[in-house]
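Hello,

As promised, here is the structure for you to open at your bench. My notes on what turned up in it follow below.

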Amino acid sequence: MSKICQITGKKAMGGNNVSHSKRRTKRSFDVNLFRRRFYWVEQDVWIELNVSAAGLRTINKIGLNNALNQAIEKGFIETLKVTEV
């Protein structure tokens, strides 16, 4: 699974390491990802998501159902790993 948040769509970005002599070498800035299980009350199932720290805050702010609907609408979620209760 790639390093992409399933709620916000954040992914790794590139940049430069800059030394004291200003010499630049390529590097990547990874996303702060977590693999978390959430209980989706509306569907009565547990789901597993790769979420960034910003994605966790979004879920806390607008709720899991609204966050999932927005992510599906924007195309961030391809498949959900569902485990029955």
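Cys5 is in contact with Lys10, Leu33, Asn50, Val51, Ser52, Gly55 and Phe76, leaving aside its neighbours within four places in sequence. Please keep in mind that this is a predicted model. Cys5 sits in the segment before strand S1, which covers 13-18. Its relative accessibility is 0%, so Cys5 counts as buried, the limit for that being under 20%. Not everything far along the chain comes close to Cys5: Phe29, 24 residues apart from Cys5 in sequence, is 14 Å apart from it in space, C-alpha to C-alpha.

One of the contacts of Cys5 is Ser52, and that residue deserves a look of its own. Ser52 is found in strand S4. With 3% relative accessibility, Ser52 counts as buried too, because the value is under 20%. Beyond four places in sequence, Ser52 touches Cys5, Thr8, Lys10, Val31, Asn32, Leu33 and Phe34. For Asn32 there is also a backbone distance: the C-alpha atoms of Ser52 and Asn32 are separated by 5.2 Å, with the two residues 20 apart along the chain.

Next, the nonpolar core. Which residues of the largest nonpolar core touch the most other members? They are Ile7, Ile47, Leu49, Leu64 and Leu68, out of 14 residues in that core. Strand S3 (33-40), strand S4 (45-52) and helix H2 (64-74) each supply at least two residues of this core. If you would like to click on one of these residues, try Ile47: apart from neighbours within four places in sequence, Ile47 is in contact with Arg36, Arg37, Phe38, Trp40, Leu64, Leu68, Leu80, Lys81 and Val82.

Glu48 also lies in strand S4. Setting aside the neighbours within four places in sequence, the contacts of Glu48 are Gln6, Arg35, Arg36, Arg37 and Lys81. Between the C-alpha atoms of Glu48 and Leu80 there are 6.9 Å, and these two residues are 32 apart along the chain.

On to strand S5, which spans residues 81-84 and holds Thr83. Is Thr83 buried, exposed or partly exposed? It is partly exposed, because its relative accessible area of 32% falls between the 20% and 50% limits. Thr83 is in contact with Arg37, Val45 and Trp46, neighbours within four places in sequence left aside. Val45 is 38 residues apart from Thr83 in sequence, and the C-alpha atoms of this pair are 6.2 Å apart in space.

Trp46, one of the contacts of Thr83, has a part in the aromatic story as well. The count of aromatic pairs comes to 1. Tyr39 and Trp46 form this pair, which is tilted, with 5.3 Å from centre to centre and 55 degrees between the planes. Both rings belong to residues that are partly exposed: Tyr39 has a relative accessible area of 34%, and Trp46 has 30% relative accessibility.

There is a pocket to show you, too. How much space lies in the largest pocket? The value is about 180 Å³. Of the 10 residues that line the largest pocket, Ser2, Ile4, Gln6, Phe76 and Glu78 are the closest to its centre. By type, the lining divides into 3 nonpolar, 6 polar and 1 charged. Two names here came up earlier: Phe76 is among the contacts of Cys5, and Gln6 is among those of Glu48.

Finally, two backbone details in loops. Lys22, in the loop between S1 and strand S2 (24-29), has a phi near 70 degrees, a positive value in a residue other than glycine. Lys22 counts as exposed, because its 55% relative accessibility is over 50%. Asp44 has its place in the loop between S3 and S4. The phi of Asp44 is near 60 degrees, again a positive value in a residue other than glycine. At 42% relative accessibility, Asp44 counts as partly exposed.

Happy browsing, and write back with any questions.

Best wishes

Methods:
Residues numbered from 1 in each chain as written. Predicted model: local features only at pLDDT ≥ 70, side-chain atom pairs only at ≥ 80, totals over all residues. Heavy atoms only, no water. Core = buried A, V, L, I, M, F, W, Y, C linked by side-chain atoms within 4.5 Å. Buried < 20%, exposed > 50% of the residue type's maximum accessible area, 1.4 Å probe, protein only. Helix = DSSP H or I, 4+ residues; strand = E, 2+ residues; numbered from the N terminus. Contact = heavy atoms within 4.5 Å. 1 Å grid on protein atoms, 1.4 Å probe; cavity = no way out; pocket = protein on both sides within 12 Å on 5 of 7 lines; lining within 4 Å. Points joined across faces, edges and corners; volume = space filled by probe spheres on them. Nonpolar A, V, L, I, M, F, W, Y, C, P; charged D, E, K, R; others polar. Phe/Tyr/Trp six-rings, centres within 6.5 Å; stacked < 30°, edge-to-face > 60°.
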